[in-house]
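The following exercises are to be solved from the sequence and the coordinates. Each task is followed by a worked solution.

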Amino acid sequence: MAAVRAARKGLDLSEFHGYVGPQSGLVLAEVYVLVGDYDAALEQLEHVMSLPLVLSPRVIELDPLWEPLRNDPRLQALLEDEE
C-alpha cells in the first residue's frame with residue numbers, strides 16, 4: 001500500500017534523529033491502523049513505546065484512531081506496562 005510505503009520511507013529517513021525518528025514510528029503505527037493492519041500497528045506501537053518518547057498511554061486511550069484496537073488484549077497489556 002502506498003500509505004504504508006510512504007510512512008516506512010519517512011521512518012527510514014528519520015530513523016537516527018532523536019525526536020523525529022520515534023514520532024515517525026508512531027505515524028507508521030497510525031497508518032497501519034488506518035489501513036486495517038492491526039497486528040503490524042500493535043507491533044510498531046510496542047516498539048515506539050519502548051523508546052524514550054513523550055507518549056502518554058492516555059493519548060492512545062483517548063485518541064479515536066485507536067478505537068479498532070481498544071478491546072485487543074495486546075493493546076491493553078501494552079498500556080498497562082506503561083503505567
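**Exercise 1.** Determine how the reach of helix H3 relates to the expected span, and state which of its residues are buried.

*Solution.* Step 1: helix H3 (a DSSP run of H or I, at least four residues, numbered from the N terminus) comprises residues 38-49, which is 12 residues. Step 2: the expected span is 1.5 Å times one less than the number of residues. Step 3: from first to last C-alpha, H3 reaches 16 Å, close to the expected 16 Å. Step 4: the buried residues in H3 (under 20% relative accessible area, 1.4 Å probe, protein chains only) are Ala40, Ala41, Leu42, Gln44, Leu45, Val48 and Met49.

The model is predicted: local features require pLDDT of at least 70 and side-chain atom pairs pLDDT 80 or more, whereas totals for chains, interfaces and linings use all residues. Residues are numbered from 1 along each chain as its sequence is written, and side-chain values use heavy atoms, without hydrogens and water.

**Exercise 2.** Locate arginine 70 and explain why it counts as buried.

*Solution.* Step 1: arginine 70 sits in the loop between helix H4 (57-62) and helix H5 (73-82). Step 2: arginine 70 counts as buried because its relative accessibility is 19%. Step 3: a polar atom of the arginine 70 side chain lies 3.0 Å from the backbone oxygen of glutamate 61.

**Exercise 3.** Describe the surroundings of glutamine 76.

*Solution.* Step 1: glutamine 76 belongs to helix H5. Step 2: beyond four places in sequence, glutamine 76 touches Arg70 and Asn71 (heavy atoms within 4.5 Å). Step 3: its C-alpha is separated by 9.9 Å from that of proline 57, 19 residues apart along the chain.

Conventions:
Helices (H or I, at least four residues) and strands (E, at least two) are DSSP runs, numbered from the N terminus. Buried means under 20% relative accessible area, exposed over 50%, partly exposed in between (1.4 Å probe, protein chains only). A polar contact is a pair of N or O atoms within 3.5 Å; within protein, one must be able to donate a hydrogen and the other to accept it, and residues adjacent in sequence count only if both atoms are side-chain atoms.
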